[in-house]
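User: I am a first-year student, and I would like a close look at a single part of this structure. Could you take one helix, explain the terms as you go, and follow it outward to what surrounds it?

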Amino acid sequence: MARRLNEWQMSLEVEELEDLLEARPHLAHLRVRTWGDSMILYSGDKRDRQNHGRLTCLGRDVWGLSFPKHAGGWERIPMAGTIREMLDMLDENFGAYLEPF
């Protein structure tokens with residue numbers, strides 16, 4: 001079961017992910033928004049937003065990864081780790097999901 005984060009805790013997690021993205025110029029097009037205990041990586045503006053991936057809090061410093069489905073919703077990937085580990089894995093193994101549309 002996912003761990004509920006309060007607004008302050010989530011803001012710290014978002015800040016960490018944004019700092020990690022900022023350190024990777026090839027991912028400068030990605031932004032972060034929250035939905036419950038998830039951080040969604042997206043690009044574009046409000047009218048033309050494209051979701052690229054989602055990190056969901058599973059426990060203390062443990063995040064799960066999901067990718068958007070074409071028909072809507074999310075496909076969970078059986079991997080978990082820290083925010084840095086999940087971004088590293090995304091960048092190294094699933095880079096096509098992070099490309100601008």
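Analyst: What follows looks at helix H2, then at the core and at a few residues around it.

This is a predicted model, in which local features need pLDDT of at least 70 and side-chain atom pairs count only at pLDDT 80 or more, while totals for chains, interfaces and linings use all residues. Residues are numbered from 1 along each chain as its sequence is written, and side-chain values use heavy atoms, with hydrogens and water left out.

Helix H2 covers residues 83-93, and its buried residues are Ile-83, Met-86, Leu-87, Met-89 and Leu-90. Here a helix is a DSSP run of H or I with at least four residues, a strand is a run of E with at least two, and both are numbered from the N terminus. Buried means under 20% relative accessible area, exposed means over 50%, and partly exposed is in between, with a 1.4 Å probe and protein chains only. Seen down the axis of H2, the buried residues fall within an arc of 160 degrees, so they line one face of the helix; the arc is that of the directions from the helix axis to the C-beta atoms. An α-helix has 3.6 residues a turn, so residues three or four places apart point the same way. On the other side of H2, Glu-92 and Asn-93 are exposed.

What does the buried side of H2 pack against? Its buried residues pack against helix H1 (7-22), strand S2 (38-43), strand S3 (50-59), strand S4 (62-68), strand S5 (74-81) and helix H3 (95-98). A contact, in this account, is a pair of heavy atoms within 4.5 Å.

H2 is also one of the elements that give two or more residues to the largest nonpolar core, along with H1, S2, S3 and S4. Such a core is a set of buried Ala, Val, Leu, Ile, Met, Phe, Trp, Tyr and Cys residues joined through side-chain atoms within 4.5 Å. The largest one has 23 residues, and those with the most contacts inside it are Leu-17, Leu-21, Met-39, Leu-55, Trp-63 and Leu-65. In soluble globular proteins, nonpolar side chains tend to be buried together. Leu-17 links this picture back to H2, for it touches Ile-83 and Leu-87 as well as Val-32, Met-39, Leu-41 and Leu-55, not counting residues up to four places away in sequence.

Ile-83 has a charged partner too: Glu-13 is in contact with Ile-83, and also with Leu-5, Met-39, Asp-61 and Trp-63, leaving aside neighbours within four places in sequence. Glu-13 belongs to helix H1 and, at 15% relative accessibility, counts as buried. Its partner Asp-61 lies in the loop between S3 and S4 and is partly exposed, with a relative accessible area of 44%. The phi of Asp-61 is near 60 degrees, a positive value in a residue other than glycine.

Strands S4 and S5, against which H2 packs, meet each other through Ser-66 and Glu-75. Ser-66, in strand S4, is buried at a relative accessible area of 4%, and its contacts include Glu-75, Gly-53 and Ile-77. Glu-75, in strand S5, counts as partly exposed at 43% relative accessibility, and it is in contact with Leu-65, Ser-66, Phe-67 and Lys-69, again leaving aside neighbours within four places in sequence.
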